[in-house]
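Let's take a walk through a protein model together. We'll begin with the whole chain and then zoom in on a helix and on one residue.

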Amino acid sequence: MRIEDLKVAIYADGANIEKMKQMSRLPYIKGFTTNPTLMKKAGVTDYAAFAKAVLSEITDRPVSMEVFADDFDGMEREAKEISSWGKNVFVKIPVMNTHGESSVPLIRKLSAEGIRLNITAVFTVEQVRGAVDAFSEGTENIVSVFAGRILDVGVDAEQTMREALPVCRSKPGTRLLWASVREAFNIVQADRCGTDIITVPDEIIGKLKNFGKDLTEFSQETVKMFVNDGKSLGFSIL
């Protein structure tokens, strides 16, 4: 498998603006996503300033930015503000709040106003159906299914994605996204089950250079690594 053979669109997932700028120079990076957890990890202290700096650098590809509020009125106000920051912005709305209350009424309201949405923290096909049903006809939206976390609990995420895909296809303009990537092979999995987008963290994007690599050559490189690291330790067995 080579990167150029993939049908799934690769989005870079992160909140380090310098790395995002670097990723924007890679032709196979088709968009960007971020979230509050990634911003915390990257040390972002001013959300609006960070977002506007990113959007001034990345103007030709979709960028998903997330609301922070936990109440729906707050989410609505934030969503409208975030949407105003750029024509390439998708506003990330969690599928529910921390009380387990569905975001579907808010999704329906925002979509009716033409705001492009990325529904996040989705884990079930039922949640996909609720979100897609709430999208207004003729709007562009993304549904982010956290496939990596689904795999973490021993459930076949590929099956979930296959079931979610026709639901997304039922509303033109809706794309299905494989989120929460754990390893490079997740990209292959997302591609073979027909997923539209996969959002990939920096450390996994760095592994894409190995796609298509000869496995015997890779084996030899690994042995060399072990030998060199062993020598650097200065150990003696005999």
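Helices and strands here are DSSP runs, with at least four residues for a helix and at least two for a strand, numbered from the N terminus. Keep in mind that what you're looking at is a predicted model. Counted that way, the chain has eleven helices and eight strands. Its C-alpha trace spans about 70 × 40 × 35 Å along the principal axes.

Now for how the chain folds back on itself. Take the contacts between residues at least 6 apart in sequence: 65% of them join residues at least 24 apart. Of the 238 residues, 49% are buried. As for the outside, the accessible surface comes to about 12400 Å², and carbon and sulfur atoms account for 53% of that. Charges are part of the picture too: there are 30 positive and 33 negative side chains, and the centres of the two sets lie 4 Å apart.

Next, find helix α6, which runs over residues 125–134. Its buried residues are Val125, Gln127, Val128, Ala131, Val132 and Ala134. An α-helix has 3.6 residues a turn, so residues three or four places apart point the same way. What covers the buried residues of α6? The cover includes the helices α5 (104–112) and α8 (157–169), along with the strands β5 (117–122), β6 (141–145) and β7 (174–178).

Let's stop at strand β6, where you'll find Ser144. Why does Ser144 count as buried? Because its relative accessibility is 3%, and buried means under 20%. Leaving aside neighbours within four places in sequence, Ser144 is in contact with Asn118, Ile119, Thr120, Ala121, Val122, Leu177 and Ala179.

Note on methods: Residues numbered from 1 in each chain as written. Predicted model: local features only at pLDDT ≥ 70, side-chain atom pairs only at ≥ 80, totals over all residues. Heavy atoms only, no water. Buried < 20%, exposed > 50% of the residue type's maximum accessible area, 1.4 Å probe, protein only. Contact = heavy atoms within 4.5 Å. Areas by Shrake-Rupley, 256 points an atom, 1.4 Å probe, with all protein chains shown as cover. Lys, Arg positive; Asp, Glu negative; His and termini not counted. Charge placed at Lys NZ, Arg CZ, Asp CG, Glu CD.
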